[in-house]
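This briefing goes with the structure shown below. It is meant to be read beside the coordinates, topic by topic.

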Amino acid sequence: MVEVSRFRNGMSLLTGAVNIVTTDGPGGRAGFTATAVCSVTDQPPTLLVCLNQSSFVHRAFATNGMLCVNPLCGEQQALSEVFSNRALSADERFAAADWTALATGSPALAGALVNFDCRIVDTHAVGTHSVFYCEVVDIRQREAGGTLGLVYFNRAYHRLGDAAPALS
């Protein structure tokens, strides 16, 4: 088996979009910064989110059964740092930005690149983490306009974007 430090060093070279993942409901309002988010299928529209089972927000997500994935734009790096600061309460975290709600009632970040509002339809425990499979029930996309995405690569934030459309 590969040593944990070698695995983490290798994973630091896998670029990931920076997201704030949020929930609200009977388990309380909670949110965290995540790069472990990806598409699973488009029929039905489903994505997955990985969350450490020892995280203090884990219980809220598991209890609420819904969440919103909010991919950040380049100018929202400070918000990513707020939501990864374990010393801040949920109220302090959510006070750092403007929020609305879509179909599930989970907080949807105003100004995010897009909001994926989801129901958690399945959960698998893998090692230290829960993998939440999330069916997308609503989407709100930011209006077009020169916004760069925020990614994490080699243990640092980077702004990513291209003014020209991708080649087909």
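The points below cover strand pairing, two serines and a pocket, all taken from a predicted model.

The model includes an open sheet of 3 strands with antiparallel pairing. Elsewhere, β10 pairs with β5 and also with β9. The largest pocket has a volume of about 1,500 Å³, and T33 and H129 are among the residues nearest its centre.

**The sheet β1-β11-β12**

- The strand order in this open sheet is β1-β11-β12, and the pairing is antiparallel.
- Its edges are β1 (16–17) and β12 (156–160), each of which pairs on one side only.
- Strand β11, residues 149–153, runs antiparallel to β12 and is joined to β12 by 5 bridges.
- Within this pairing, F153 is found opposite A156 of β12.

**The pairings of β10**

- β10 spans residues 129–141 and β5 spans residues 45–52; the two are antiparallel, with 7 bridges between them.
- L48 faces Y133 of β10 as its opposite residue.
- β9, which covers residues 114–126, is also antiparallel to β10, and this pairing has 12 bridges.
- V126 lies opposite H129 of β10.
- The β9 and β10 hairpin leaves 2 residues between its strands, and G127 there has a positive phi near 60°.
- Strands of a sheet pair through backbone hydrogen bonds, in either a parallel or an antiparallel sense.

**The hairpin of β2 and β3**

- β2 (residues 19–23) and β3 run antiparallel and are joined by 5 bridges.
- N19 is placed opposite A34 of β3.
- This hairpin has 6 residues between the strands, and G25 adopts a positive phi near 160°.
- β3 covers residues 30–34, and 4 of its 5 residues are buried, which leaves the strand mostly covered.

**Two buried serines**

- S80 sits in helix α3, which runs over residues 77–83.
- S80 is classed as buried because its relative accessibility is 0%, under the 20% limit.
- Apart from neighbours within four places in sequence, S80 is in contact with V18, I20, T33, L72, L150 and Y157.
- Of these contacts of S80, L150 falls in the residue range of β11, and Y157 in that of β12.
- S130 belongs to strand β10.
- S130 also counts as buried, because a relative accessible area of 5% is under the 20% limit.
- The side chain of S130 makes a polar contact of 2.7 Å with the side chain of H58.
- With neighbours within four places in sequence left aside, the contacts of S130 include H58, Q53, V49, C50 and L51, as well as T123, H124 and A125.

**The largest pocket**

- The volume of the largest pocket is about 1,500 Å³.
- Its lining has 31 residues, and those nearest the centre are T33, A34, T35, A36 and H129.
- T33, one of these residues, is also a contact of S80.
- A34, likewise near the centre, is the residue opposite N19 in the β2 and β3 pairing.
- H129, also in that group, is the residue opposite V126 in the β9 and β10 pairing.
- At least two lining residues come from each of α1 (4–11), β3, β5 and α3.
- The most is given by α1, which supplies 4 residues to the lining.
- The lining divides by class into 15 nonpolar, 12 polar and 4 charged residues.

Definitions and conventions: Residues are numbered from 1 along each chain as its sequence is written. This is a predicted model: local features need pLDDT of at least 70, side-chain atom pairs count only at pLDDT 80 or more; totals for chains, interfaces and linings use all residues. Side-chain values use heavy atoms; hydrogens and water are left out. Two strands pair if DSSP finds at least two bridges between them. Buried means under 20% relative accessible area, exposed over 50%, partly exposed in between (1.4 Å probe, protein chains only). Contact means heavy atoms within 4.5 Å. On a 1 Å grid over the protein atoms alone, a cavity is a set of points where a 1.4 Å probe fits but cannot get out, and a pocket is an open set with protein on both sides within 12 Å along at least five of seven lines; lining residues have an atom within 4 Å of a point. Grid points are joined across faces, edges and corners, and a volume is the space filled by probe spheres set on the points. Ala, Val, Leu, Ile, Met, Phe, Trp, Tyr, Cys and Pro count as nonpolar, Asp, Glu, Lys and Arg as charged, and the others, Gly among them, as polar. A polar contact is a pair of N or O atoms within 3.5 Å; within protein, one must be able to donate a hydrogen and the other to accept it, and residues adjacent in sequence count only if both atoms are side-chain atoms.
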